[in-house]
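Hi everyone, thanks for coming. Have the viewer open while I talk, and turn things around as we go.

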Amino acid sequence: EVQLVESGGGLVQPGGSLRLSCAASGFTFSSYAMSWVRQAPGKGVEWVSDIDFSGGSTRYADSVKGRFTISRDNAKNTLHLQMNSLKPEDTAVYSCRKYKGGSWLGGVDYWGKGTLVTVSS
């Protein structure tokens, strides 16, 4: 059974940092591209970042480019999102997603329940 479990969310002040993690199980993690998305209160799902199966290719939404870094540890079956210079508009539930293949060209087939990030003073 595929499982994706996010952790690392919490309350942080504007300008602060958080590191999110997504623990993956039930599939060969190193063979699949992964993604982070977020959903702010009362808004739709926003794509944040993608990483290919090897970690060699990444891409970011303009809203987080230069502040967030996606990475993966294939030996530990874990996906990360380092978030720096956080802004109140980054407040959202962050979820990780698994793509159907090694790149983000295919669709998504699994996603986690998410972890809440609140940026507020």
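Let's start with Asn77, which you'll find in the loop between S7 and S8. One thing before we zoom in: this is a predicted model. Okay, what's odd about the backbone at Asn77? Asn77 isn't a glycine, and yet its phi is positive, at about 55°. Its relative accessibility is 28%, so Asn77 counts as partly exposed.

Now hop along to the loop between S8 and S9, where Ser85 sits. Ser85 is not a glycine either, and it has a positive phi of about 50°. With a relative accessible area of 42%, Ser85 is partly exposed.

Next up, the cysteines. How many disulfides are there? The count comes to one. The partners are Cys22 and Cys96, with 2.0 Å from S to S. Look at where they sit: Cys22 is in strand S3, residues 18-25, and Cys96 is in strand S9, residues 92-99, so this bond ties together parts that are 74 residues apart in sequence. Are these two cysteines buried or exposed? Both Cys22 and Cys96 are buried. And if you like handedness, the torsion about the S-S bond is about 50°, so this disulfide is right-handed.

On to charges. Side chains of opposite charge can pair when their charged atoms come close. How many salt bridges turn up in the whole structure? The search finds six, and I'll walk you through some of them.

Glu46 pairs with Arg38, and their closest N and O atoms are 2.7 Å apart. Glu46 is partly exposed, at 31% relative accessible area, while Arg38 is buried, at 5%.

Then there's Asp90 with Arg67, another salt bridge, at 2.7 Å from N to O. This one links distant parts of the chain: Asp90 is in the loop between S8 and S9, Arg67 is in the loop between S6 and S7, and they are 23 residues apart. Asp90 and Arg67 are both buried. Put those residues together and you get a network of salt bridges linking Arg38, Glu46, Arg67 and Asp90.

One more pair: Lys98 and Asp109, with the closest N and O atoms 3.0 Å apart. Lys98 is in strand S9 and Asp109 is in strand S10, eleven residues along the chain from each other. Lys98 has just 4% relative accessibility, so it counts as buried, and Asp109, at 27%, counts as partly exposed.

Now for a charged residue with no such partner. Find Arg72 in strand S7, residues 68-73. Arg72 is buried but has no salt bridge. Which side chain of opposite charge is nearest to Arg72? That's Asp52, and it is 5.8 Å away. A salt bridge needs the nitrogen and the carboxyl oxygen within 4 Å, so a pair at that distance doesn't make the cut.

What does the side chain of Arg72 reach instead? Backbone oxygens, for example. The one of Phe29 is at 2.7 Å, and the one of Asp52 lies 2.8 Å from a polar atom of the Arg72 side chain. So when you look at Asp52, check its backbone oxygen, because that's the atom in this polar contact. Arg72 also touches plenty of residues beyond its sequence neighbours, including Tyr32, Met34, Ile51, Phe53 and Leu79.

For contrast, go and look at Val45, in strand S5, residues 45-51. Is Val45 buried or exposed? Val45 is exposed, with a relative accessible area of 58%. Leaving out neighbours within four places in sequence, Val45 is in contact with Val37, Arg38 and Gln39. Its C-alpha atom is 9.5 Å from that of Tyr94, which is 49 residues away along the chain.

Last stop, the rings. A pair of aromatic rings is described by the distance of the centres and the angle of the planes. The whole structure has two aromatic pairs. In one of them, the rings of Phe27 and Tyr32 have centres 5.8 Å apart and planes at 75°, so the pair is edge-to-face. Phe27 counts as buried, at 15% relative accessibility, and Tyr32 counts as partly exposed, at 24%. Add Phe29, and Phe27, Phe29 and Tyr32 form one aromatic cluster. You've met Phe29 already: its backbone oxygen is the one that the Arg72 side chain reaches at 2.7 Å.

That's my tour, thanks for listening!

Definitions and conventions: Residues are numbered from 1 along each chain as its sequence is written. This is a predicted model: local features need pLDDT of at least 70, side-chain atom pairs count only at pLDDT 80 or more; totals for chains, interfaces and linings use all residues. Side-chain values use heavy atoms; hydrogens and water are left out. A disulfide is a pair of cysteine sulfur atoms within 2.5 Å. Helices (H or I, at least four residues) and strands (E, at least two) are DSSP runs, numbered from the N terminus. Buried means under 20% relative accessible area, exposed over 50%, partly exposed in between (1.4 Å probe, protein chains only). Lys and Arg count as positive and Asp and Glu as negative; His and the chain ends are not counted. A polar contact is a pair of N or O atoms within 3.5 Å; within protein, one must be able to donate a hydrogen and the other to accept it, and residues adjacent in sequence count only if both atoms are side-chain atoms. Contact means heavy atoms within 4.5 Å. Rings of Phe, Tyr and Trp (its six-membered ring) pair if their centres lie within 6.5 Å; planes under 30 degrees apart count as stacked, over 60 as edge-to-face and the rest as tilted.
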